[in-house]
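Reader: Please take me through this model. I want each label set against its definition.

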Amino acid sequence: MQNNEDKFKKVIAHAKEYGFIFQSSEIYDGLSAVYDYAQNGVELKNNIKNYWWKSMVQMNENIVGIDSAIFMHPTVWKASGHVGAFNDPMIDNKDSKKRYRADVLVEDFMAKIEAKINKDIEKARKRFGDSFDEEQYRATNSRIIERQAKIDDISKKLYGAMESENLASIKTLIEELGITCPLSGSKNWTDVRQFNLMFSTQMGSISDDANEIYLRPETAQGIFVNYLNVQKTGRMKIPFGIAQIGKAFRNEIVARQFIFRMREFEQMEMQFFVRPGEELKWFEYWKNKRIAWHKALGIPEDNYRFHDHEKLAHYANAASDIEFKFPFGFKELEGIHSRTDFDLSAHQEFSGKKLQYFDPELNKSYVPYVVETSIGLDRMFLSILSYAYQEEKLEDGSSRVVLNIPPILAPVKATVLPLTKKDGLPEKAKEIMNTLKQDYICQYDEKDAIGKRYRRQDAIGTPYCITIDHQTLTDNTVTIRERDTMQQERIDIDKLSGIIHEKLKIQF
Ligand code: GAP
């Protein structure tokens, strides 16, 4: 059985080999944590966007979309708190000159201890077989108890220091633990400093401070500053939402795990404006809606879980993450936050413009409260790809790599395959292809044996392969092969489009 690390490596290699994701500027040895979406990747990405947009904007009469600019007035980021507080603690190794996130160095140290615990548990599991009780073993084995206590102690110190922004204590912890630089092997560290994650650039030809602007680190602020424009021009009544999909940029100190944490990425965000005092009701509503959206894709439920935040950001009065079981463990996929009136009130104060909404039912004006749903598009992509990648042993002893991508998200919906390159089969196949491509992204393939062609489509997750054979020419029927079951059915050509349409339907 392959372990999760092996599986993740295979997913990354597969994403490149089958035209999903390439490293940016690869011929120049790449650009760290920046990726390009290739011919199949862009289709999967667009399908995720459409699935989200449809469920948010099309299916909700009180939600509309916008597409705001990446560049915004620099004061936006002062009001939102990003200039002052969007920081991570960093530390440099003086010998290798390499920069690290100080908290991640400590977290990695804890992960190594955790790995030792897991190794001991696996050994014991083999030794004791079916009678092994992990919980009991963890509670009674002295070596594990000691290691777990060490992790707990480090974790308490680290998160305490992070919360109080005590950078000196983080450095002391790194020194106490004897953490060395993975590159130079030395313990020659600088002090820990705060590092702002926003990219900045100059607007216009004169480069002085007044012209410094930022690449947005979240799309949400473009929604906040436009909320009254949209409300008035769209005659929206509270509660209402504004949705947006777009690029965001963060100068992450440690960017790793492929497209999980990137420096340029995309977000799909929705801000829902509600009456003050009703925000927690709507927070629960959106938590339920969003988890249902994920589950509607048919990926087994045990791949998702909520993580409710106990420690809240200063602007939130409730927050929860939807976590996904990535090959490297359960990690945040989406955040649902009750952001109070923090952002709108701050913009009101910094801009000097009233951002109040007049509620005709209550006959009074107020700054609305906001419940936000925010999901990383690239992270959603990675969740789908890593779940979908399967290596299967088949009954005839052969094997296949198949991407079990939910059909609605699959890059190519159907492939048209003439059994042979002669006897008029290609002509008939192209006729079918020309009809289907009006509605779906389809491929045509006549090269190699049919089995090999099926495998090529399995590897990019195409749900349906349509084969044209000699019988097609006599009775206008084709075979349609379903990717997951590999079952084939003979059907009338006229029914093809309807069958594909039916199978791609999803209930929101
Ligand atoms: N407006 C709220 C906000 O931006 P966040 O938790 O910082 O909240 C929301 O980001 C989502 O954006 C995350 O749940 C994650 O899916 C995605 N995301 C954040 N940073 C990312 C990065 N560096 N690379 C890829 N996705 C990222």
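**Labels and their cut-offs**

Author: An oxygen atom of the ligand sits 2.6 Å from an N or O atom in the side chain of E332. The model is predicted, so local features need pLDDT of at least 70, side-chain atom pairs count only at pLDDT 80 or more, and totals for chains, interfaces and linings use all residues. Residues are numbered from 1 along each chain as its sequence is written, and side-chain values use heavy atoms, without hydrogens and water.

Reader: What makes the E332 pair a polar contact?

Author: A polar contact is a pair of N or O atoms within 3.5 Å. The E332 pair is at 2.6 Å. A polar side-chain atom of E252 also qualifies, 2.9 Å from a nitrogen atom of the ligand. For R339, a side-chain N or O atom is 3.5 Å from a ligand nitrogen atom. The protein covers 91% of the 560 Å² of accessible area that the ligand has on its own (Shrake-Rupley method, 1.4 Å probe).

Reader: Which residues surround the ligand, and which strand gives the most to the shell?

Author: The shell holds 20 residues, and E218, R250, M262, E269 and E332 are the closest (a heavy atom within 4 Å). Strand 13 gives the most, with 5 residues. The shell divides into 5 nonpolar, 5 polar and 10 charged residues. Asp, Glu, Lys and Arg count as charged; Ala, Val, Leu, Ile, Met, Phe, Trp, Tyr, Cys and Pro as nonpolar; the others, Gly among them, as polar.

Reader: Why are helix 1 and helix 13 called roughly perpendicular?

Author: Angles of 65 to 115 degrees count as roughly perpendicular. The axes of helix 1 (residues 4-17) and helix 13 (residues 377-388) cross at roughly 110 degrees and come within 10 Å. Helix 1 and helix 13 are therefore roughly perpendicular. K7, F8, V11 and A15 of helix 1 meet L382, L385, S386 and Y387 of helix 13 (heavy atoms within 4.5 Å).

Reader: What makes E165 and the bond from I238 to P239 worth a remark?

Author: Most residues other than glycine have a negative phi, and most peptide bonds are trans. E165 is not a glycine, yet its phi is positive, about 55 degrees. The I238 to P239 bond is cis, with omega near 5 degrees. P239 lies in the loop between helix 10 (227-233) and strand 9 (240-249).

How values were computed:
Axes are lines fitted to C-alpha atoms, for helices over the stretch in contact, and angles run from 0 to 180 degrees between N-to-C directions. Helices (H or I, at least four residues) and strands (E, at least two) are DSSP runs, numbered from the N terminus. Angles under 35 degrees count as roughly parallel, over 145 as roughly antiparallel, 65 to 115 as roughly perpendicular and the rest as oblique. A polar contact is a pair of N or O atoms within 3.5 Å; within protein, one must be able to donate a hydrogen and the other to accept it, and residues adjacent in sequence count only if both atoms are side-chain atoms.
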